[in-house]
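Subject: The structure I promised you

Hi,

Here is the structure we talked about, with the sequence alongside. Open it up, and then read on for what turned up in it.

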Amino acid sequence: MSIAKRVAEYQEPRLGARCRTCVLLKELPSEEAEALKVALEDSRISNAGLAAILKAEGYSIADSTVRRHRKGACLS
């Protein structure tokens, strides 16, 4: 199959589960949400490190979820 044919037949992926990071940003108290936003923009904090911080606070999240959100590839 050619690229042109694949592009012509492309269909947007169905939405799956919402991004857990987006959900947290909306559900957290404003002070906590702001801290998470700052952390997401801080390149010194790795995806795994940020996921570990969130897990320590009782939130279930994977580093791959944080990575997807940071790249803007999540299904917000």
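How much space lies in the largest pocket? About 160 Å³. Before you go further, keep in mind that this is a predicted model.

So what lines that pocket? The lining is made up of Leu 28, Glu 32, Ala 35, Leu 36, Ala 39, Leu 50, Ile 53, Leu 54, Glu 57 and Tyr 59. By type, eight of these residues are nonpolar, two are charged and none is polar. Helices H3 and H4 each put at least two residues into the lining, and H3 gives the most, with four.

Now for the core. The largest nonpolar core has 12 residues: Leu 24, Leu 25, Leu 28, Ala 33, Leu 36, Ala 39, Leu 40, Leu 50, Ala 51, Leu 54, Ile 61 and Val 66. At least two of them come from each of helix H2 (20–27), helix H3 (30–41) and helix H4 (47–56). H3 supplies the largest share here, four residues. As background, nonpolar side chains in soluble globular proteins tend to be buried together.

Leu 36 is a good one to click on. This residue belongs to the core and also helps line the pocket. Leaving out residues up to four places away in sequence, Leu 36 touches Leu 24, Leu 25, Leu 28, Leu 50 and Leu 54.

Next, have a look at His 69, which sits in helix H5 (residues 63–71). Is His 69 buried or exposed? His 69 counts as buried, because its relative accessible area is 18% and the cut-off is under 20%. Not counting neighbours within four places in sequence, His 69 is in contact with Cys 19, Thr 21, Cys 22, Leu 25, Leu 40 and Cys 74.

There are three cysteines among those contacts, namely Cys 19, Cys 22 and Cys 74, so how many disulfides are there? Zero. A disulfide is a covalent bond between the sulfur atoms of two cysteines, and the rule used here asks for those sulfurs to be within 2.5 Å. For Cys 19, the nearest cysteine sulfur is that of Cys 74, 3.7 Å away, and Cys 19 is in no disulfide. The sulfur of Cys 22 has its closest cysteine sulfur in Cys 19, but that is 3.8 Å off, so it is too far for a bond. Both of these cysteines are buried: Cys 19 has 5% relative accessibility, and Cys 22 has a relative accessible area of 10%.

Have fun with it!

Definitions and conventions: Residues are numbered from 1 along each chain as its sequence is written. This is a predicted model: local features need pLDDT of at least 70, side-chain atom pairs count only at pLDDT 80 or more; totals for chains, interfaces and linings use all residues. Side-chain values use heavy atoms; hydrogens and water are left out. A nonpolar core is a set of buried Ala, Val, Leu, Ile, Met, Phe, Trp, Tyr and Cys residues joined through side-chain atoms within 4.5 Å. Buried means under 20% relative accessible area, exposed over 50%, partly exposed in between (1.4 Å probe, protein chains only). Contact means heavy atoms within 4.5 Å. On a 1 Å grid over the protein atoms alone, a cavity is a set of points where a 1.4 Å probe fits but cannot get out, and a pocket is an open set with protein on both sides within 12 Å along at least five of seven lines; lining residues have an atom within 4 Å of a point. Grid points are joined across faces, edges and corners, and a volume is the space filled by probe spheres set on the points. Ala, Val, Leu, Ile, Met, Phe, Trp, Tyr, Cys and Pro count as nonpolar, Asp, Glu, Lys and Arg as charged, and the others, Gly among them, as polar.
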